[in-house]
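Biologist: Could you take me through this one step by step? I'd like to hear the reasoning behind each label.

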Amino acid sequence: MKSIATILKGAAPALALFAMTQCTTTANASAGDEKTFIVGPQTADCTGVAPMKCLQVKENTSASWTNFYSNIEGFTYEPGYEYVLKVKTEKIENPPADGSSIKYTLVKQVSKTKKAEMTANEKTIIVGPQTVECSAGAGRMQCMQVKESASAAWTNFYSNIEGFTYEPGYEYVLKVKTEKIENPPADASSIKYTLVEQVSKTKK
């Protein structure tokens, strides 16, 4: 009996260590399924199965906004506010063809910050991934393709957007400020466009 008691006494610390290790591993696995999202104050036109409105999301302040095609269970979005959210991600087995393969669930709303609304001379535009040859004045040039909603047709953009650097192969959602130019040159735009915010940049 004494030897059995001695064995059990020696095994107790090992069992405790095993239990602690298992708890730590489980905690780490759980934490690995959580991430922090920043959700922007405006939605943007996007196309899933059909044209829709997408939340604008990024994972850190220095990143560009990206379209979020899913929803976050337990989160109620209110336009005009920027949110910092902690969300749990779970892989969905056999998701529908038009559905996300990941389920997002709100763990905690870290913050909700009121943002200034767009002023009357601001607008949101979508810039296409390729330019096309177009005529401007006496010469020919490459025009960006622009539209103001996902369901609209692309149109040639004969001006430039101050502060915006275009990279072919990406579709952009931009917030721009417009200002009327008094007495513009005959072959130039009568409106000056200035970048306010690059809402998203998506590889196409």
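Modeller: Let's start with F157 and Y193, which are both buried. Keep in mind that this is a predicted model.

Biologist: What makes F157 and Y193 an aromatic pair, and which kind of pair is it?

Modeller: Their ring centres are 4.9 Å apart, and the cut-off for a pair is within 6.5 Å. The planes meet at 65°, and over 60 counts as edge-to-face, so F157 and Y193 get that label.

Biologist: How do you know that this pair ties together separate parts of the sequence?

Modeller: F157 lies in strand 10 (residues 155-157) and Y193 in strand 13 (residues 191-203), so the parts it ties together are 36 residues apart in sequence.

Biologist: How many aromatic pairs are there?

Modeller: The count is ten. One of them is F37 with Y104, at 5.8 Å centre to centre and with 45° between the planes.

Biologist: Why is the pair of F37 and Y104 called tilted?

Modeller: Stacked needs under 30 degrees and edge-to-face needs over 60. The angle here is 45°, so the pair falls in the remaining class, tilted. F37 sits in strand 1 (residues 34-39) and Y104 in strand 7 (residues 102-114), 67 residues apart. Both F37 and Y104 are buried, and ring pairs link them with F68 into a cluster.

Biologist: On to the cysteines! How do you know that C46 and C54 form a disulfide?

Modeller: Their sulfurs are 2.0 Å apart, and the rule asks for within 2.5 Å, so they qualify. The torsion about the S-S bond is about 85°, so this disulfide is right-handed.

Biologist: Why is C46 called buried?

Modeller: Its relative accessible area is 3%, and buried means under 20%, so C46 fits. C54, at 0%, counts as buried too.

Biologist: What makes C134 and C143 a disulfide?

Modeller: The S to S distance is 1.9 Å, which is inside the 2.5 Å limit. The torsion is about 80°, so this disulfide is right-handed. C134 is buried at 2%, and C143 is buried at 0%. That brings the count to two disulfides, in the pattern 1-2, 3-4 along the chain.

Biologist: Last one: where does K58 lie, relative to W65?

Modeller: K58 lies over the face of W65, 4.3 Å from the ring centre. The distance limit for a charge over a ring is within 6 Å. The charged end of K112 also sits over a ring, that of Y81, at 4.5 Å from its centre.

How values were computed:
Residues numbered from 1 in each chain as written. Predicted model: local features only at pLDDT ≥ 70, side-chain atom pairs only at ≥ 80, totals over all residues. Heavy atoms only, no water. Buried < 20%, exposed > 50% of the residue type's maximum accessible area, 1.4 Å probe, protein only. Phe/Tyr/Trp six-rings, centres within 6.5 Å; stacked < 30°, edge-to-face > 60°. Helix = DSSP H or I, 4+ residues; strand = E, 2+ residues; numbered from the N terminus. Lys NZ or Arg CZ within 6 Å of the ring centre and 35° of its normal.
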